[in-house]
Amino acid sequence: FGLGPGGVLLCLQASDLRTQWTTQDSLGHYASMITDGRSRVLTLTDKGGLYLHDAASPRPLGFLQLTAESRHLLAHPALVGNRLYLRLGDKLVCLEL
């Protein structure tokens, strides 16, 4: 998984690094990603969106808009057990998954 030109999320084939799919819409200019090591990725965007994608499809399995404000979310989230820790502006937020 990675962020491609124009801010689209893309999924690459592990065997040959060819593009398997890309999202149609831009996720932003920056994104932090955490993968489960198999087929899923959790993506936090600089637009305040939190997406869950599976390698099988460009359609998100889940989406949560964390903030409506236009803030730069440049800190990488941390996953500890079933808790996701995020920095939103000057706040630390914990989400139970």
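Which residue is the bridge partner of glycine 2 in β2? Let's start there, since you've got the structure up in front of you. Leucine 10 is the one sitting across from glycine 2. Quick reminder before I go on: this is a predicted model.

So, that bridge belongs to the pairing of β1 with β2, and β2 covers residues 9-12. The two strands run antiparallel, with two bridges between them. Now zoom out a bit. They're part of an open sheet of three strands, ordered β1-β2-β3, and the pairing there is antiparallel. On the edges you have β1, at 2-3, and β3, at 19-22, and each of those pairs on one side only.

Okay, on to another part of the chain. Find arginine 83, please. Arginine 83 is in strand β9, which spans residues 83-88. Is this arginine buried, exposed or something in between? Arginine 83 counts as partly exposed because its relative accessible area is 37%, and that class lies between the 20% and 50% cut-offs.

What does arginine 83 touch, if we skip residues up to four places away in sequence? You'll see Ala78, Cys94, Leu95 and Glu96. Keep the last three of those in mind while we look at the partner strand. That's β10, residues 91-96, and β9 pairs with it in the antiparallel sense over six bridges. Within that pairing, tyrosine 85 faces cysteine 94 of β10. If you follow the chain round the hairpin, there are two residues between β9 and β10, and glycine 89 there has a positive phi near 65°.

One distance for anyone clicking around: from arginine 83 to serine 39 is 20 Å, C-alpha to C-alpha, with their positions 44 residues apart in sequence.

Last stop, the pocket. How much space lies in the largest pocket? About 180 Å³. Lining it, you have a run of Thr23, Gln24, Asp25, Ser26 and Leu27, and then Tyr51, His53, Pro58, Arg59 and Pro60. Which strands each supply at least two residues of that lining? Those are β6, at 49-54, and β7, at 57-65. The largest share is from β7, with three residues.

For the chemistry people: sorted by class, the lining of the largest pocket comes out as four nonpolar, four polar and two charged residues. Asp25 and Arg59 are both on the lining list, and Asp and Arg count as charged.

That's my tour. Over to you for questions.

Conventions. Residues numbered from 1 in each chain as written. Predicted model: local features only at pLDDT ≥ 70, side-chain atom pairs only at ≥ 80, totals over all residues. Heavy atoms only, no water. Pairing = 2+ DSSP bridges. Helix = DSSP H or I, 4+ residues; strand = E, 2+ residues; numbered from the N terminus. Buried < 20%, exposed > 50% of the residue type's maximum accessible area, 1.4 Å probe, protein only. Contact = heavy atoms within 4.5 Å. 1 Å grid on protein atoms, 1.4 Å probe; cavity = no way out; pocket = protein on both sides within 12 Å on 5 of 7 lines; lining within 4 Å. Points joined across faces, edges and corners; volume = space filled by probe spheres on them.
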